Amino acid sequence: MLVYRFLFLLALTLLATNLARAEDTVSSPPAEKPPPATPVEPTITFSFVHVDGPYIAMTFDDGPNEKLTPRLLNLLATHHIKATFFVIGQNVVEHPEIVQRAAREGHEIGNHSWSHPNLGKMSDEGVRRELKKTEDAIKSATGARPTLLRPPYGSISGRQKKWIHDEFGYQIILWDVDPLDWKRPGPAVVCNRIIKGTRAGSIVLSHDIHPGTIEAMPSTLDQLEAKGFKFVTVSELIAKAVPETPKPHKEPPAVPATAGSPSPRSTIAPRPNG
Ligand SMILES: [Zn+2]
């Protein structure tokens, strides 16, 4: 009974925090409402998070890049936006100071493997080496171990997800908005695709190793802010997850996800991005 009471109070506290921060949300639940059911099995994989409020997570892969990542960090700082960086281990050891700065400024650092291979096609031992070396590099640069993995190309099997989660404690993070910025379509296209695809709970994929992506960001962030979105790290977004219940409430305008690319829910299919 005490446990339920504690969970209920915790849920109320979280709800109150969200209400205070979100612009338009649901009205307070009646006091007799039972606490939200806790999931039986923890969710391991996320490409989108169902949230009550206009929260989104911007994610930047494949860095750090010596020139572009600091530029992006400057921009994020002026906007007071927290993002998530899925870094490549061999880039981390080349520029640990950039990763350290990102972490110090409140951004989340996730594991994106050591050398960007297709994990779905590798032996467990090979995958383990890729992840462990990168985790050690991140720990050495920032003082903290990552808790998130984004598999390169989104390629990972269900079996791999499970053992990686068991062994490393990682949540597997995919995405629901993909501007295909790695094809370098130009900053305006990158910006438009992100604006069109993003809805509350979105995890937006892009790469801080392409100049066009960095050039797209000032306008992208301005427009997302104008739509009322609030930027959080991926772990913060997951912490805001609420059960999907079909109840009417106001949200920022929901736009169909993705700019012409399929949602990466299937787990094995290799993709040219990520
Ligand atoms: Zn990548």
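Contacts in this chain tend to reach a long way along the sequence: of those joining residues at least 6 apart, 83% link residues at least 24 apart. The model is a predicted one. Its protein chain holds nine helices and eight strands, and of its 274 residues, 42% are buried.

Helix α7, spanning residues 187-197, is a handy place to look at burial. Its buried residues are Pro187, Val190, Cys191, Arg193, Ile194 and Gly197. These sit on the same side of α7, because the arc they cover around the axis is only 165 degrees. The spacing fits a simple rule: an α-helix has 3.6 residues a turn, so residues three or four places apart point the same way. As for what lies over the buried residues of α7, the cover includes strand β7 (203-207) and helix α8 (211-226).

Helix α8 also has a partner in α2, which runs over residues 68-79. The axes of α2 and α8 are 10 Å apart and meet at an angle of about 5 degrees. With angles under 35 degrees counting as roughly parallel, that makes α2 roughly parallel to α8. On the α2 side, the contact is built from Leu68, Arg71, Leu72, Leu75 and His79; α8 brings in Pro211, Ile214, Met217, Pro218 and Leu221. Sorted by character, the residues of this contact come out as eight nonpolar, one polar and one charged.

Put together, α8 turns up in both parts of this picture: α8 is part of what covers the buried residues of α7, and α8 packs with α2 as well.

Notes
Residues numbered from 1 in each chain as written. Predicted model: local features only at pLDDT ≥ 70, side-chain atom pairs only at ≥ 80, totals over all residues. Buried ≥ 20, exposed ≤ 12 C-beta atoms within 10 Å, placed from the backbone. Helix = DSSP H or I, 4+ residues; strand = E, 2+ residues; numbered from the N terminus. Arc of directions from axis to C-beta. Contact = placed C-beta atoms within 7 Å. Axes fitted to C-alpha atoms, helices over the stretch in contact; angles between N-to-C directions. Parallel < 35°, antiparallel > 145°, perpendicular 65-115°, else oblique. Nonpolar A, V, L, I, M, F, W, Y, C, P; charged D, E, K, R; others polar.
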